[in-house]
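Biologist: I should like a close look at the side-chain contacts in this model, taken as one connected account. Please begin with the charged pairs and continue to the aromatic rings and the helix.

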Amino acid sequence: MVNYNNLREMQVNILGKFCNMGVVTSQHWSKVFLVIKDRMFRIYLSEWDYENRPDEVMFEAPLDREFCASPWKRKEYEEVVGHKQAEYCFYLEHIGTLGTTKLFKIGTEDIQQAESIMRCIELNTRNRTNSF
């Protein structure tokens, strides 16, 4: 399910990898459900979990002025579908006093979906446009 609400809110199935201290720690992609709503970035195990257990969040971050989406890169991964497939990947990043830290890696095979997620993150952060 993909739900875009003026690109300020989003609910979409994506591939994800977790990061710790700015380094990707997941060895394999996980199919997860991303929800961006009320200036929060949340990752759920599945759409069902979001609908039936909304308090069981796998990862969440407030989308304030210290967060942003990195530029996307196109990479080929075999682990996702068993054969090489291009994925458009980017990170949710935190901009701190000591530099930028990667928090979560997002992957999708659809460039338009990647750019929509990036724009949604941008529209929700306070250091971007405030013209809601």
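Modeller: The account below takes the salt bridges, then the aromatic rings, then the second helix and the cysteines. The model is a predicted one, and each value that follows is computed from its atoms.

The count of salt bridges comes to four. One of them joins the side chains of Arg42 and Glu60, with N and O 2.9 Å apart. Arg42 belongs to strand β5 (residues 40-44) and Glu60 to strand β6 (residues 59-62), so this pair ties together parts that are 18 residues apart in sequence. Arg42 has a relative accessibility of 22% and therefore counts as partly exposed. Glu60 is likewise partly exposed, at 43%.

Arg53 takes part in further salt bridges. With Asp49, the closest N and O atoms are 2.4 Å apart. With Glu56, the corresponding separation is 3.9 Å, which falls inside the criterion because a salt bridge is counted within 4 Å. Through these shared partners, Asp49, Arg53 and Glu56 are joined into one network. The burial of its members can be stated for each residue. Asp49 is buried, because its relative accessible area is 7% and the limit for burial is under 20%. Arg53 is partly exposed at 34% relative accessibility, and Glu56 is partly exposed at 47%.

The aromatic rings come next. The count of aromatic pairs is seven. Phe33 and Tyr50 make up one tilted pair, with 5.7 Å from centre to centre and 40 degrees between the planes. This pair links distant parts of the chain, since Phe33 lies in strand β4 (residues 30-37) and Tyr50 in helix α1 (residues 47-52), 17 residues apart. Phe33 counts as buried, with a relative accessibility of 0%. Tyr50 also counts as buried, at 17%.

Another pair, Phe41 with Phe59, is edge-to-face: the centres are 6.1 Å apart and the planes meet at 80 degrees. Here too the pair links distant parts of the chain, with Phe41 in strand β5 and Phe59 in strand β6, 18 residues apart. Both Phe41 and Phe59 are buried. Strands β5 and β6 are thus linked by this ring pair, and they also hold the partners of the Arg42 and Glu60 salt bridge. Ring pairs extend the aromatic group further, linking Phe18, Phe41, Phe59 and Phe104 into a cluster.

Charged side chains also lie over aromatic faces. Lys17 is placed over the face of Trp29, at 5.0 Å from the ring centre. Lys102 is placed over the face of Tyr91, at 4.5 Å from the ring centre.

The helix follows. Helix α2 spans residues 111-124 and contains 14 residues. From its first C-alpha to its last it reaches 20 Å, close to the 20 Å expected at 1.5 Å a residue. At its N-terminal end, Asp110 acts as a cap: a side-chain oxygen of Asp110 lies 2.9 Å from the backbone nitrogen of Gln112. The buried residues of α2 are Gln113, Ala114, Ser116, Ile117, Met118, Cys120, Ile121, Leu123 and Asn124. An α-helix has 3.6 residues a turn, so residues three or four places apart point the same way. Within the buried set, Gln113 merits separate mention. Gln113 is in helix α2 and has a relative accessible area of 10%. The side chain of Gln113 makes a polar contact with the side chain of Thr108, at 2.4 Å.

The cysteines complete the account. A disulfide is a covalent bond between the sulfur atoms of two cysteines. For this model the count of disulfides is zero. Cys19 counts as buried at 16% relative accessibility, and Cys68 counts as buried at 9%. Cys120, in helix α2, is buried as well.

Note on methods:
Residues are numbered from 1 along each chain as its sequence is written. This is a predicted model: local features need pLDDT of at least 70, side-chain atom pairs count only at pLDDT 80 or more; totals for chains, interfaces and linings use all residues. Side-chain values use heavy atoms; hydrogens and water are left out. Helices (H or I, at least four residues) and strands (E, at least two) are DSSP runs, numbered from the N terminus. The expected span of a helix is 1.5 Å times one less than its number of residues. Buried means under 20% relative accessible area, exposed over 50%, partly exposed in between (1.4 Å probe, protein chains only). A polar contact is a pair of N or O atoms within 3.5 Å; within protein, one must be able to donate a hydrogen and the other to accept it, and residues adjacent in sequence count only if both atoms are side-chain atoms. A disulfide is a pair of cysteine sulfur atoms within 2.5 Å. Rings of Phe, Tyr and Trp (its six-membered ring) pair if their centres lie within 6.5 Å; planes under 30 degrees apart count as stacked, over 60 as edge-to-face and the rest as tilted. A charge sits over a ring if NZ of Lys or CZ of Arg is within 6 Å of the ring centre and within 35 degrees of the ring normal.
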